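Biologist: I have a model open and would like to learn how to read it. Could you walk me through a few features?

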Amino acid sequence: MLRAALVAHVRPICRTLSQRASPDRVFVVRSRFGYVGNRNTATMPEINIDNLDEKQVQLLAEMCILIDENDKRIGADTKKNCHLNQNINKGLLHRAFSVFIFNSEGKLLLQQRSDAKITFPGCFTNTCCSHPLNTATETEEKDALGVRQAAQRRLKEEFGIPPQQVPLEEMNYLTRIHYKAQSDGIWGEHEIDYIIFIQKNVTLKPDPNEIQSHCYVSKDELQNLLEKAESNKVKITPWFKLIAEKFLFTWWDNLHNLKQFINHEKIHRM
């Protein structure tokens, strides 16, 4: 059954996907910061992850790209360390992206994050949100090639979308936003987020560990969802809220003329 929020506030065509069980584990987090060539080791407090999903815990070992506030690459650190509020409060900042896929009818593909997710579980958000990794292919900065390749990878991993259905040359990199948000007392986000638009009809086979439901929405349906979020009837991710409030509807009105909104120089501080 769909959770009541989805049935009442979005569309009945959205599908509910099952979650996987979580193991009982505890680890101690140690962080290496890469600020401007300095490497300072900070011992973090013991983090209890008894209730966290096993697959999501494994993904915490991925290496994100550390950046300064001008999006200059300064090193790498684990996804785990990048998302601990105690590190975020010390200034740890990483690179990210948000993909918005629209179908041929001009409707936006939304997902509801799985309850297995460590940050912002169960929240509605745009099509796909993740991080380029510290690899040769995803650190390539010319024309944001690394970010677009990371987006292609994550669309496959989360939604099962074949890469050939979302070719790199059809991904419209518009601009970047810089934001910070807490998910809970332990985990959060601090990112410079690359915004990517693409209008394609795609095949979907979501991973239930990543996505518990999904659907295409019209502008009116999304506006209704945002209003429900304002009254705390549903949850949305903070980056999606910021983008929707400031940019999304204007861009959406101009899907066939997005070049006028491309700004690769400015980082919107939000």
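Biologist: Among contacts between residues at least 6 apart in the protein chain, what share joins residues at least 24 apart?

Modeller: A contact means heavy atoms within 4.5 Å. Count the contacts between residues at least 6 apart in sequence, and 71% of them join residues at least 24 apart. Keep in mind that this is a predicted model: local features need pLDDT of at least 70, side-chain atom pairs count only at pLDDT 80 or more, and totals for chains, interfaces and linings use all residues. Residues are numbered from 1 along each chain as its sequence is written, and side-chain values use heavy atoms, with hydrogens and water left out.

Biologist: How many helices and strands does the protein chain have?

Modeller: Helices (H or I, at least four residues) and strands (E, at least two) are DSSP runs, numbered from the N terminus. Here the protein chain has seven helices and twelve strands.

Biologist: And what percentage of the residues is buried?

Modeller: Buried means under 20% relative accessible area, exposed over 50%, and partly exposed in between, using a 1.4 Å probe and protein chains only. Of the 270 residues in the protein chain, 56% are buried.

Biologist: Let's take one helix. Which residues of α6 are buried?

Modeller: Start with the general idea: an α-helix has 3.6 residues a turn, so residues three or four places apart point the same way. In α6 the buried ones are E221, L222, L225, L226 and A229. Looking down the axis of α6, they fall within an arc of 140° (taken from the directions from the helix axis to the C-beta atoms), so they line one face of the helix. The exposed residues D220 and E230 are on the face turned away from that buried side.

Biologist: What span should helix α6 have?

Modeller: The expected span is 1.5 Å times one less than the number of residues. For the twelve residues of α6 (residues 219-230) that gives 16 Å, and the end C-alpha atoms are 17 Å apart, which agrees. Just after α6, N232 takes a positive phi of about 60°.

Biologist: How do I read aromatic pairs, and how many are there by this rule?

Modeller: Rings of Phe, Tyr and Trp (its six-membered ring) pair if their centres lie within 6.5 Å; planes under 30 degrees apart count as stacked, over 60 as edge-to-face, and the rest as tilted. The count comes to ten aromatic pairs. In one of them, F100 and F240 have ring centres 6.3 Å apart and planes at 40°, so the pair is tilted. This pair links distant parts of the chain, with F100 in strand β5 (residues 94-102) and F240 in helix α7 (residues 238-252), 140 residues apart. F100 is buried at 0% relative accessibility, and F240 is buried with a relative accessible area of 0%.

Biologist: Which kind of pair do F249 and W252 form?

Modeller: F249 and W252 are stacked, at 5.9 Å centre to centre with 20° between the planes. Both lie in helix α7, three residues apart, about one turn of the helix. W252 is buried, with a relative accessible area of 4%. One aromatic cluster takes in F100, F102, F197, F240, F247, F249, W251 and W252.

Biologist: Where does the charged end of R176 sit?

Modeller: A charge sits over a ring if NZ of Lys or CZ of Arg is within 6 Å of the ring centre and within 35 degrees of the ring normal. The charged end of R176 sits over the ring of Y194, 5.9 Å from its centre.
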